[in-house]
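Biologist: Before I rely on any of the labels used for this model, I would like to hear the reasoning behind them, one label at a time. Could we go through it together?

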Amino acid sequence: MKTIVALSLLALAVAAPQGPTEPIPIVRQDSQINPDGSYQFSYETGNGISAEERGNLKNIGAEEPALEVQGQFQYPSEEGGNIQLTYIANENGFQPQGAHLPTSPPIPEAIQRALDFLATAPPQPENGRQ
């Protein structure tokens with residue numbers, strides 16, 4: 001039984017993907033935190049990964065201010081291109097944008113016409129009620 005477990009662990013170790021043997025250098029790194037709660041940071045690594053973000057407190061009419069964050073990051077894809085994502089996060093949630101993100105298909109023209117008609121039509125009484 002011990003032999004089977006040992007051979008299984010050895011097989012897993014051999015089959016596991018091997019990480020890089022050399023450390024990836026950080027070629028640029030900046031960071032700033034301000035007394036008013038705002039901040040910004042950015043970095044870039046030797047293998048093409050980069051990111052930057054800035055955040056600040058925003059008065060949204062609530063008792064406490066909300067944090068609004070804007071940023072972007074990019075990294076090389078396995079196919080050789082670049083994956084880039086920009087985002088904003090605020091009282092409306094996290095809103096990412098990037099060419100690699102899936103999008104909804106367009107609304108068919110006939111359905112859009114019906115929706116437009118329903119939006120302008122007068123309200124109809126419920127069934128059996130006047």
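Biologist: Which residue in β3 does E44 stand opposite?

Modeller: This is a predicted model, so everything I say is computed from it. In that model E44 stands opposite S50 in β3.

Biologist: What makes β2 and β3 a pair of strands?

Modeller: Two strands pair if at least two bridges are found between them, and six bridges join β2 to β3, which run antiparallel. The count meets the cut-off, and therefore the two strands are called paired. In their hairpin, which has four residues between the strands, G48 takes a positive phi near 95°.

Biologist: How many bridges join β1 to β2?

Modeller: Seven bridges join β1 to β2, which also run antiparallel, and one of the partnerships is that of Q32 with Q40 in β2. The hairpin of β1 and β2 has five residues between the strands, and there G37 takes a positive phi near 95°.

Biologist: Why is the contact of E44 and R28 called a salt bridge?

Modeller: The rule asks for a side-chain nitrogen of Lys or Arg within 4 Å of a carboxyl oxygen of Asp or Glu. The N to O distance for E44 and R28 is 3.7 Å, and because that value falls within 4 Å, the contact counts as a salt bridge. This pair links distant parts of the chain, with E44 in strand β2 and R28 in strand β1, 16 residues apart.

Biologist: What makes R28, D30 and E44 one network?

Modeller: The side chains of D30 and R28 also meet in a salt bridge, at 3.7 Å from N to O. Salt bridges that share partners join R28, D30 and E44 into one network.

Biologist: How do you know whether D30, R28 and E44 are buried or exposed?

Modeller: Buried means under 20% relative accessible area and exposed means over 50%, with partly exposed in between. D30 has a relative accessible area of 43%, R28 has 32% and E44 has 33%. Each of these is called partly exposed, D30 as well as R28 and E44.

Biologist: Which parts of the chain does the salt bridge of K58 with E91 tie together?

Modeller: The closest N and O atoms of K58 and E91 are 3.3 Å apart, which is within the 4 Å of the rule, so this contact is a salt bridge too. K58 lies in strand β3 and E91 in the loop between β5 and β6, so the pair ties together parts that are 33 residues apart in sequence. K58 is partly exposed at 26%, and E91 is partly exposed at 40%. By this rule the structure's count comes to five salt bridges.

Biologist: Let us turn to the rings. Why is the pair of F73 and Y75 called stacked?

Modeller: A pair of aromatic rings is described by the distance of the centres and the angle of the planes. For F73 and Y75 the values are 6.4 Å centre to centre and 15° between the planes. Centres must lie within 6.5 Å, and planes under 30 degrees apart count as stacked, so this pair earns the label.

Biologist: What makes the pair of F73 and Y87 tilted?

Modeller: F73 and Y87 lie 6.4 Å apart from centre to centre, with 45° between the planes. An angle that is neither under 30 degrees nor over 60 counts as tilted, and therefore this pair is called tilted. F73 lies in strand β4 and Y87 in strand β5, so the pair ties together parts that are 14 residues apart in sequence. Ring pairs link F73, Y75, Y87 and F94 into a cluster, and the structure holds five aromatic pairs.

Biologist: Why is Y87 called buried?

Modeller: Y87 has 14% relative accessibility, which is under 20%, so Y87 counts as buried. F73, at 32%, counts as partly exposed, as does Y75 at 33%.

Biologist: Which residues make the nonpolar surface patch?

Modeller: The patch of about 490 Å² is made by I26, F41, Y43, I49, F73 and Y75. The elements that give two or more residues to the patch are β2 and β4.

Conventions
Residues numbered from 1 in each chain as written. Predicted model: local features only at pLDDT ≥ 70, side-chain atom pairs only at ≥ 80, totals over all residues. Heavy atoms only, no water. Patch = residues over 30% accessible without salt bridge, like charges linked within 9 Å, V, L, I, M, F, W, Y side chains within 5 Å. Areas by Shrake-Rupley, 256 points an atom, 1.4 Å probe, with all protein chains shown as cover. Buried < 20%, exposed > 50% of the residue type's maximum accessible area, 1.4 Å probe, protein only. Phe/Tyr/Trp six-rings, centres within 6.5 Å; stacked < 30°, edge-to-face > 60°.
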